[in-house]
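User: I am new to this structure. Please take a close look at a single helix and what surrounds it, then show me a few other spots.

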Amino acid sequence: MDALGLLRPAASVSGLPAAHVPHAASGFALGDHAGRAPAAPAEGPGVVASASSGPLQRRFEPYQNNGGTVLAVAGKDFCVVASDTRLGLGYSIPSRKVSRILKMTDKVVLASSGMQADMMTLHKTLRMRLVKYQQNHQKDMSLTAASQMLSNMLYTRRFFPYYTFNVLGGIDEKGEGWAYGYDAIGSHEKVSAVCSGTGQTLIQPVLDNQIEFKQQWGAPKVDLSLEATVELIRDAFTSAGERDIYTGDYVEICKITKDGVEVEEFQLKFD
Amino acid sequence: MGESDYSFSLTTFSPSGKLVQIEYALNAVAAGATSLGIKAKNGIVLATEKRLPSPLMDESTIDKVTSITGNIGMVYAGMGPDSRVLLKKARNYAQSYYRVYKESIPVSQLVRQVASVMQEFTQSGGVRPFGVSLLVAGFDEEGPHLYQVDPSGSYFAWKASAIGKNMVNGKTFLEKRYSDDMELEDAIHTALLTIKEGFEGQVTENNIEVGIVSDDLKFKKLTPAEVKDYLSEVE
C-alpha cells in the first residue's frame, strides 16, 4: 500500500524541516521545501537553479498534508470505519471538525486522509459515479465493485495523483465484512484491518496484533464482536491522539451491519 | 415514394417524421436470413439459418451465433460485417466494465451500450446506420434475458422473437408455441421447429446454428452433432 515512498506525507509542507524526499522521475518533487532549490537541477517547469547559480523561483506546490488518521476493521458480518476529524496545517489547526468519511451505500463506507481538497473532490466525483451506477443498474454498487472503481479512479490520475490515503470498508454480497487499503494511485488489497494517515504507523501494528493475531503464538484466534471492535478502535485513536500531533479533536465511527450504517462520535483531546 | 426526396442525408427527417435511412436499414435486415431467440425459465436459445450463396462455401467457418462474454451471446439478421463491428465493440465494452467494477456486466447494461452505439450512427455525419438487428441473450444475476436491438438503436426485451426474412411468420408461430414455464430443452425444440417452418429445403446440422445459455452461466454454441440429435428428436 505504501510502496511509493515518495508519496508518504512529508512533514515539510509548510515550515517544518523537510525530511529527505526522493525526487519523482517525472519532474515534480513532492514535499519540496518551498524556496529551497532542489537537489537535482532542471526538472520541469518552475524548478530552477542549484544553490550556486542565479535567482531562485518559487514553485507552486500543489500538495498539502492536512493530517488525520483513518481506519477500517472488518468482522464476520460487520465492518467499522473510523476517522479523526482534525484538519491540520503545519503546527496549526484550521478546523477541529471536518468529516473524512463518505457513506457510499448502506453497505460501503470510505474514509480518506491526506489532503483535504483532494479528498473532497474525490468524494464528490465518487458520489456522482455512485448516482450514475444507481440510475443505470437500479441498485447500489457492491463492495467489490466500489473497491475496484475507486482503484481505477485513482489510477487515472497516475501522473498527478489525488493526495489521499483511503480505506474502504463494508459488507460484501455474501454478507461478510471486509476492508480495503489503498495507496495514492490505487494499489489496493482486501484485508481484515487497515489504517492510513499520520497515525498509521502507530495504529496498524496494534490492529495486526489484536485483530489478525499476528506475532502472537498459541493465542486462539477469535472473531471480535462489533462492540469489542469499537472499544479497540476507541483505544487506538485515544493512543494515537497522544503521540501524533495531527490526530485529535473528535472521532467519527461508522458501524456497518446488514441493517445499515450507524454513526457515533466521541471526543479526543484538543491539544 | 416522395420520401425518397428526403433520403439523401441521414440527418434529415422526412415530412412524415421518419429517418428514411433507418427504414432502409430495416429493409436490409428483413432481407437477411432468419434468426430467432426464445427465453425459457432456465435459459435462452438462439438459432439462425446459415444461408450460403453457394454450396462450394465452407459453412463450418461461418460464425453467426457468437459469444460476447462467458454468459452472453448474440445472433444477427442482416449484414454480417456490420454485426462483427458491433460484436467487437460489445466485447470491448464488457471487458472495460469488468476492469472498472470487477463484476460481470449485466445483460441490460451491455444491450443499452450497444444500442447507444447504433443510435450514434443515426445521428452523426458521414456514417450510415448499421444494417443489422441483433438478438442478445444472456443469463446474469437477475435471470435469463433476451433483447432485440434495431438499427435505430431501439431495444426491446422479448420472451421470444424472430428477425430477418421470415420474422412475421416466425413470430406468429412462436406466439402459438410459447409458454412462460418452458424449460430450455422445450425452447430448443421449438426454436428448431420455427426455423424449419420458414426454411427453403431440408434443415440439417450444417445449415443452421444454435446457441444456448442456461443457469450454468456459460454461453455455448451447440456442436453439429448436438444439433443433429435435437433435430432427430423434433422429427
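Analyst: Start with the buried side of helix α5 in chain B of this predicted model. Its buried residues are Leu184(B), Ala187(B), Ile188(B), Thr190(B), Ala191(B), Leu192(B), Thr194(B) and Ile195(B). What do they pack against? Three strands and helices on both sides in sequence are worth finding in the view. The strands are β1 (35–40), β2 (43–49) and β9 (208–214) of chain B. The helices are α4 (167–177) and α6 (224–234) of chain B.

Now take the helix as a whole. α5(B) covers residues 184–198, which makes 15 residues. From first C-alpha to last it reaches 22 Å. That is close to the 21 Å expected at 1.5 Å a residue.

One partner deserves a longer look: α4(B). Two packed helices are described by the angle between their axes and the distance between the axes. For α4(B) and α5(B), the axes come within 10 Å. They cross at roughly 145°. The crossing is right-handed. Which residues meet there? α4(B) brings Gly170(B), Phe173(B), Leu174(B) and Arg177(B). α5(B) brings Thr190(B), Leu193(B), Thr194(B) and Glu197(B). Two of these, Thr190(B) and Thr194(B), are also on the buried list of α5(B).

Next, move to strand β9, another partner of the buried residues of α5(B). Ser214(B) lies in this strand. Its relative accessibility is 14%, so Ser214(B) counts as buried. Beyond its sequence neighbours within four places, Ser214(B) is in contact with Leu184(B). That residue belongs to the buried set of α5(B). The other contacts of Ser214(B) are Asn42(B), Gly43(B) and Phe139(B).

Stay in chain B for a contrast. Lys102(B) sits in the loop between α2 (80–101) and α3 (107–120). Is Lys102(B) buried, exposed or in between? Its relative accessibility is 41%, so it counts as partly exposed. Setting aside residues up to four places away in sequence, Lys102(B) touches Tyr97(B) in its own chain and Gln148(A) in chain A.

That contact leads into chain A. Chain A has 271 residues, and 49% of them count as buried. It holds 4 helices and 12 strands. Take the contacts in chain A with a separation of 6 or more: residues 24 or more positions apart account for 59% of them.

How confident is the prediction here? The mean pLDDT of chain A is 86, and 80% of its residues reach 70 or more. Residues 1–49 of chain A need care, with pLDDT under 50 throughout. For that stretch the model has 76 contacts beyond four places in sequence.

Then the cysteines. The count of disulfides over all chains is 0. Cys195(A) is in none, and the nearest cysteine sulfur, that of Cys79(A), is 13 Å away. Cys195(A) has 0% relative accessibility, so it counts as buried. Cys254(A) also has Cys79(A) as its closest cysteine. Their sulfurs are 10 Å apart, too far for a bond. Cys254(A) has 3% relative accessibility and therefore counts as buried too.

End at the surface. Gly218(A) is in the loop between α3 (200–210) and α4 (226–243) of chain A. Its relative accessible area is 80%, so Gly218(A) is exposed. From its C-alpha to that of Ser83(A) is 32 Å, and the two residues are 135 apart along the chain.

Conventions: Residues are numbered from 1 along each chain as its sequence is written. Chains are lettered from A and ligands numbered from 1 in the order in which they are written. This is a predicted model: local features need pLDDT of at least 70, side-chain atom pairs count only at pLDDT 80 or more; totals for chains, interfaces and linings use all residues. Side-chain values use heavy atoms; hydrogens and water are left out. Helices (H or I, at least four residues) and strands (E, at least two) are DSSP runs, numbered from the N terminus. The expected span of a helix is 1.5 Å times one less than its number of residues. Buried means under 20% relative accessible area, exposed over 50%, partly exposed in between (1.4 Å probe, protein chains only). Contact means heavy atoms within 4.5 Å. A disulfide is a pair of cysteine sulfur atoms within 2.5 Å. pLDDT is the predictor's confidence in each residue, from 0 to 100. Axes are lines fitted to C-alpha atoms, for helices over the stretch in contact, and angles run from 0 to 180 degrees between N-to-C directions. A crossing is left-handed if the near helix is turned anticlockwise from the far one by less than a right angle, and right-handed if clockwise.
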